[in-house]
Amino acid sequence: MALPVLLLLLFITIPFSESKLSMEYYKKTCPDFESIVRDTVTLKQMANPTTAAGTLRLFFHDCMVEGCDASILISSNHINIAERDADINQSLSGDALEVVALAKTALELTCPGIVSCSDILAIATRNLVIMVGGPFYNVRLGRKDGKVSQASRVEANLIRSNRTMEDIINYFAVKGFTIEEMVALSGGHTIGFSHCKEFADRIFNYNRTTPTDPEMYQNFAEGLKKTCTNYQTNTAMSAFNDVITPGKFDNMYYLNLKRGLGLLSSDHALVKDPRTRPFVDLYAADQAAFFKAFAHAMEKLAHQGVKTGRKGEVRHRCDAFNFIQS
């Protein structure tokens, strides 16, 4: 194949917006960018150890709705109900929102108007995953912040944990992810927690004759019942996604699935479906394989619907669009 044709084909396979991203995007305009973000997230994670899991979830919820453009960070006002106030986003981490805001404030003092909130969220997520034991992966930079954030756009773009595996596989396929990548991204549940309402049906109302899912490890189910007894009145009640090593990013999540220790119905479905079970088995047996797959999937996620040039902006504050700030 002639070289010019090969180069043309290579260019065509790379989305135009993605091709503008670069590992050294801020090298000249804000050389201290990575060190400022690193210092900020380190202090926050040390003070609040659930920050890593919360930020990983925040990043996923951002990228899957309108792309990785920090639209999830926008606050609602009298004329707009923003993404973060959609029902499925009500439990997003305040620590995750705060760590991005803190990094943005520090960066605005050093290099004002240069670094986007979407790039801060992307690199903060990677750094926090590493802090709790997860793999390194490259994050290319140069995203612009989105100019739209509407709660009405969220529900159709995020999948709930009580959906069937068929629905979940189709959802990720529409977003451009393979089954293997979906199972690897699910491994993010190796850290963090879920609110009781997300899995209450599995322990209190499984079906008409059996209140508790019989495939859930019995002692685990009984412990969850005690934890979530008053979940309807105390909506903050929650349980760790990984009951064995909840604060460590490792492959224990997949080992737990095989032991009946999966928390959400979507977690348990991974070990039951013949399309996903082989990857559960692989990652349970080989943490290095999981880390490699997770890193690849996160790099891909970080390029989801990115905005560059005039399609976005660099916000002065992460919770408000520039054009409506006073």
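**Exercise 1.** Is His195 buried or exposed?

*Solution.* The model is a predicted one.
- Step 1: Take the relative accessibility of His195, which is 17%.
- Step 2: Compare this with the cut-off, since buried means under 20% relative accessible area.
- Step 3: His195 therefore counts as buried, at 17%.
- Step 4: Place the residue in the fold: His195 lies in strand E1, which covers residues 193–195.
- Step 5: List its contacts, leaving aside neighbours within four places in sequence. His195 is in contact with Ser91, Thr235, Ala236, Met237 and Ser238.

**Exercise 2.** Find the residue that carries the "active site" feature and describe its surroundings.

*Solution.*
- Step 1: UniProt, in an unreviewed entry, puts the feature "active site" at His61.
- Step 2: His61 belongs to helix H4, made up of residues 51–63.
- Step 3: The relative accessibility of His61 is 7%, so the residue counts as buried.
- Step 4: With neighbours within four places in sequence set aside, the contacts of His61 are Ile88, Asn89, Leu92 and Leu158.

**Exercise 3.** Classify Lys300 by exposure, then locate it relative to Lys225.

*Solution.*
- Step 1: Lys300 has a relative accessible area of 29%.
- Step 2: Partly exposed covers the range between under 20% (buried) and over 50% (exposed), so Lys300, at 29%, is partly exposed.
- Step 3: Helix H14, residues 287–301, holds Lys300.
- Step 4: Not counting residues up to four places away in sequence, Lys300 touches Gly176, Phe177 and Glu181.
- Step 5: From Lys300 to Lys225 there are 75 residues in sequence, and the C-alpha to C-alpha separation is 37 Å.

**Exercise 4.** Work out whether the radius of gyration of the protein chain agrees with that of a compact globule, and describe the chain as a whole.

*Solution.*
- Step 1: For 326 residues, a compact globule would have a radius of gyration near 20 Å.
- Step 2: The protein chain has 20 Å, so the two agree.
- Step 3: The C-alpha trace spans about 60 × 55 × 35 Å along its principal axes.
- Step 4: In secondary structure, the chain has 14 helices and two strands.
- Step 5: Of its 326 residues, 50% count as buried.
- Step 6: Consider contacts between residues at least 6 apart in sequence: 75% of them join residues at least 24 apart.
- Step 7: The chain exposes about 15700 Å², and carbon and sulfur atoms supply 56% of that area.
- Step 8: For charge, the chain has 35 positive and 35 negative charges, whose mean positions are 2 Å apart.

Definitions and conventions: Residues are numbered from 1 along each chain as its sequence is written. This is a predicted model: local features need pLDDT of at least 70, side-chain atom pairs count only at pLDDT 80 or more; totals for chains, interfaces and linings use all residues. Side-chain values use heavy atoms; hydrogens and water are left out. UniProt positions are given in the numbering used here, feature names are shortened, and annotations may be inferred rather than shown by experiment. Helices (H or I, at least four residues) and strands (E, at least two) are DSSP runs, numbered from the N terminus. Buried means under 20% relative accessible area, exposed over 50%, partly exposed in between (1.4 Å probe, protein chains only). Contact means heavy atoms within 4.5 Å. The radius of gyration is taken over C-alpha atoms; the globule rule is 2.2 Å times the number of residues to the power 0.38. Accessible areas come from the Shrake-Rupley method with a 1.4 Å probe; for residues, only the protein chains shown count as cover. Lys and Arg count as positive and Asp and Glu as negative; His and the chain ends are not counted. The place of a charge is taken as NZ of Lys, CZ of Arg, CG of Asp or CD of Glu.
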